[in-house]
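Biologist: Could you walk me through this structure and tell me how each label was earned? I'd like the reasoning along with the labels.

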Amino acid sequence: MEMERINENTIRVLIGTEDLDKRGITVLDLLGNHKQIESFFYSILEEVDKDHQFQNNDAVTFQVLPNQNGLELFISKDVDLDKDDLILGPDDDDHKDSVSKFIDEQREAAKLSKSDTSESDEFGHQKRTVIVEFDDLENFINLAKALRLENGTSDLYLYKGNYYLRLQLFSNDPVDIVVTDEIAIAYEYGNKTSVTNDVLIEYGDLVMENSALELSRYYFK
């Protein structure tokens, strides 16, 4: 984590994904819980504001700008604001809240890629198959620590020197936010791929079946 004092009223903090991991927090954890966002930001403030110039101020604002490497957080004190005016990000029609924007981007990223499929049975139960490619095994292990499936299976394959995770996610809801968020988390650690499910079954080596995420958490503590 890096801190820069912009001026006497503003601190800029770069929070990398490793910093989030150390705190047991993912970007999507923050997106889904306003109280958790506030608590997390104040913990960062306490860590970087050694002389308590901001913590002792009645009004502090936080602006978060997510990026590929984590979060960029601007902490500002405003002597003209009351304590009850605490806001997370700019409260302005010309500036959409960056956290809301980021969750939209994450869910857009979780839409079907070329290798993914979605189907439903006669009862309307949904099954979505997602293939995630990893540059190395370590990225998969990190995902296993971060992702707990609500309702689904996970298989790990080795194909042409790369690791692939096949997620089969089940839901009764055609638009399941939990499933969408699970896919977004998977893409934080891995990549979309053109390798299909059929290719993995026919040519890939099955390393872990059905519970690859759970098994990895057990073996790679």
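What follows is a chat about how some labels on this predicted model come about.

Biologist: Let's start broad. What makes up the secondary structure of the protein chain?

Modeller: The protein chain has eight helices and nine strands. Of its 221 residues, 41% are buried. And among contacts with a separation of 6 or more, 65% come from residues 24 or more positions apart.

Biologist: Okay, Asp-155. Why is Asp-155 called buried?

Modeller: Its relative accessibility is 2%, and buried means under 20%. So Asp-155, at 2%, counts as buried. As for where that is, Asp-155 lies in strand S7, residues 152-159.

Biologist: What does Asp-155 touch there, leaving out residues up to four places away in sequence?

Modeller: Its contacts include Tyr-164, Leu-165, Arg-166 and Gln-168, and also Leu-206, Met-208 and Asn-210.

Biologist: And what makes the pairing of the Asp-155 side chain with the backbone nitrogen of Asn-210 a polar contact?

Modeller: The Asp-155 side chain reaches that nitrogen at 2.6 Å. The cut-off for a pair of N or O atoms is within 3.5 Å, with one able to donate a hydrogen and the other to accept it.

Biologist: Now the helices. How do you know that H5 is roughly perpendicular to H8?

Modeller: H5 and H8 pack at about 100 degrees, with their axes 8 Å apart. Angles of 65 to 115 degrees count as roughly perpendicular, so that label goes to H5 and H8.

Biologist: Which residues of H5 and H8 meet?

Modeller: On the H5 side they are Phe-140, Leu-143, Ala-144 and Lys-145, and these meet Ala-212, Leu-213, Ser-216 and Arg-217 of H8. By class, that contact has five nonpolar, one polar and two charged residues.

Biologist: What is the largest nonpolar core made of?

Modeller: That core has 22 residues, and those with the most contacts inside it are Phe-140, Leu-143, Leu-165, Leu-167 and Leu-213. Strands S6 and S8 and helices H5, H6 and H8 each supply at least two residues. H6 gives the most, with six.

Biologist: Which residues does Leu-143 touch, again not counting those up to four places away in sequence?

Modeller: Leu-143 touches Phe-134, Leu-165, Ile-185, Ala-186, Tyr-189 and Leu-213. There's also a second, separate core of 18 residues, which includes Val-13, Ile-15, Phe-41 and Leu-45.

Biologist: Why might nonpolar side chains be buried together?

Modeller: That's a general tendency in soluble globular proteins.

Notes:
Residues numbered from 1 in each chain as written. Predicted model: local features only at pLDDT ≥ 70, side-chain atom pairs only at ≥ 80, totals over all residues. Heavy atoms only, no water. Core = buried A, V, L, I, M, F, W, Y, C linked by side-chain atoms within 4.5 Å. Buried < 20%, exposed > 50% of the residue type's maximum accessible area, 1.4 Å probe, protein only. Helix = DSSP H or I, 4+ residues; strand = E, 2+ residues; numbered from the N terminus. Contact = heavy atoms within 4.5 Å. Axes fitted to C-alpha atoms, helices over the stretch in contact; angles between N-to-C directions. Parallel < 35°, antiparallel > 145°, perpendicular 65-115°, else oblique. Nonpolar A, V, L, I, M, F, W, Y, C, P; charged D, E, K, R; others polar.
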